[in-house]
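Q: I have a model open here and would like to talk through a few details. Could we start with the cysteines and then move on to the rings?

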Amino acid sequence: MVKSFSQELRESAREIWAGYHTHPFVRGLGDGTLDLEKFRYFMIQDYLYLYEYAKLFALGVAKSRSRERMQMFAGMAYSTLNGEMGIHRSYMKRLGITEEELDATPAALANVSYTNYMLAVGYAGDDLDILVAVLACAWSYQEIAQELVRQNPEAPSHPLYGEWVQGYISEAYGKTVEENIAGVDALAEGISPERKAYLTEVFRNCSRYEAGFWDMAYEQLV
């Protein structure tokens, strides 16, 4: 059976993604042992990250050559700003994180490096480049949350971290991931081996940045 391009991408980063599931931050989310201050730091940095992430979808709208693709990117931007970030806003209230604190907190170096890389890929490329650049984040969070539930069926009901798990195993989030994957596979049809190699490098780099983001959160690196 011939693999889709998204499956090839996923396979190319197999060892990187395996590390997500054994990371102490991720394991702490699943069993409820994660230090609260580490989670608080993560939520602030992830909130700052998502603003830059949403810019990629806006860039996708500008670079798309079809109404269908424009609508897809617009929907992804809306889902990020009003769906995924909604989880964060809920936590902000629970954790006592104010708008003033968010405004005063600089993005960590790992955060800036990651988002600048994705945006550079997006500005230099087209809608396929953008979809590949965001795919590692979107897809890995879904896989991480699903694996946490497989390891601990009670994870979604944890009084603090359960809401995070629920958000990334939700049907709405799953549809966004499926749309991203489908877009990659559709746009990658017939591309050259050289383009595939470049996009695979982009996906692997973003997967490595994801690993670095978990490190940043756990160590609370600035």
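A: To begin with the term itself, a disulfide is a pair of cysteine sulfur atoms within 2.5 Å. This is a predicted model, in which local features need pLDDT of at least 70 and side-chain atom pairs count only at pLDDT 80 or more, while totals for chains, interfaces and linings use all residues. Residues are numbered from 1 along each chain as its sequence is written, and side-chain values use heavy atoms, with hydrogens and water left out.

Q: OK, so how many disulfides does the structure hold?

A: The structure holds zero disulfides.

Q: Why is there no bond from cysteine 137?

A: Its closest cysteine sulfur is that of cysteine 206, and at 9.1 Å this is too far for a bond.

Q: And are those two buried or exposed?

A: Cysteine 137 counts as buried because its relative accessibility is 3%, where buried means under 20% relative accessible area, exposed over 50% and partly exposed in between, with a 1.4 Å probe and protein chains only. Cysteine 206 is likewise buried, at 0% relative accessibility.

Q: Switching to rings, how many aromatic pairs are there?

A: The count comes to 23 aromatic pairs, taking rings of Phe, Tyr and Trp (its six-membered ring) whose centres lie within 6.5 Å, with planes under 30 degrees apart called stacked, over 60 edge-to-face and the rest tilted. One of them joins tyrosine 141 and tryptophan 164, which is tilted because the planes stand at 50°, with the centres 5.7 Å apart.

Q: Which helices do tyrosine 141 and tryptophan 164 lie in?

A: Tyrosine 141 lies in helix H8 (residues 127–151) and tryptophan 164 in helix H9 (residues 162–169), so the pair ties together parts that are 23 residues apart in sequence. Helices here are DSSP runs of H or I with at least four residues, numbered from the N terminus. Tyrosine 141 is buried, with a relative accessible area of 1%, and tryptophan 164 is buried at 0%.

Q: What about tyrosine 141 and tyrosine 168?

A: Those two form an edge-to-face pair, 5.1 Å centre to centre with 75° between the planes. Tyrosine 168 lies in helix H9 and tyrosine 141 in helix H8, so this pair ties together parts 27 residues apart in sequence.

Q: One last thing, what is the phi of glutamine 220?

A: Glutamine 220 has a positive phi of about 55°, although it is not a glycine. Most residues other than glycine have a negative phi. Glutamine 220 is placed in the segment after helix H11 (193–219), and at 31% relative accessibility it counts as partly exposed.

Notes: Helices (H or I, at least four residues) and strands (E, at least two) are DSSP runs, numbered from the N terminus.
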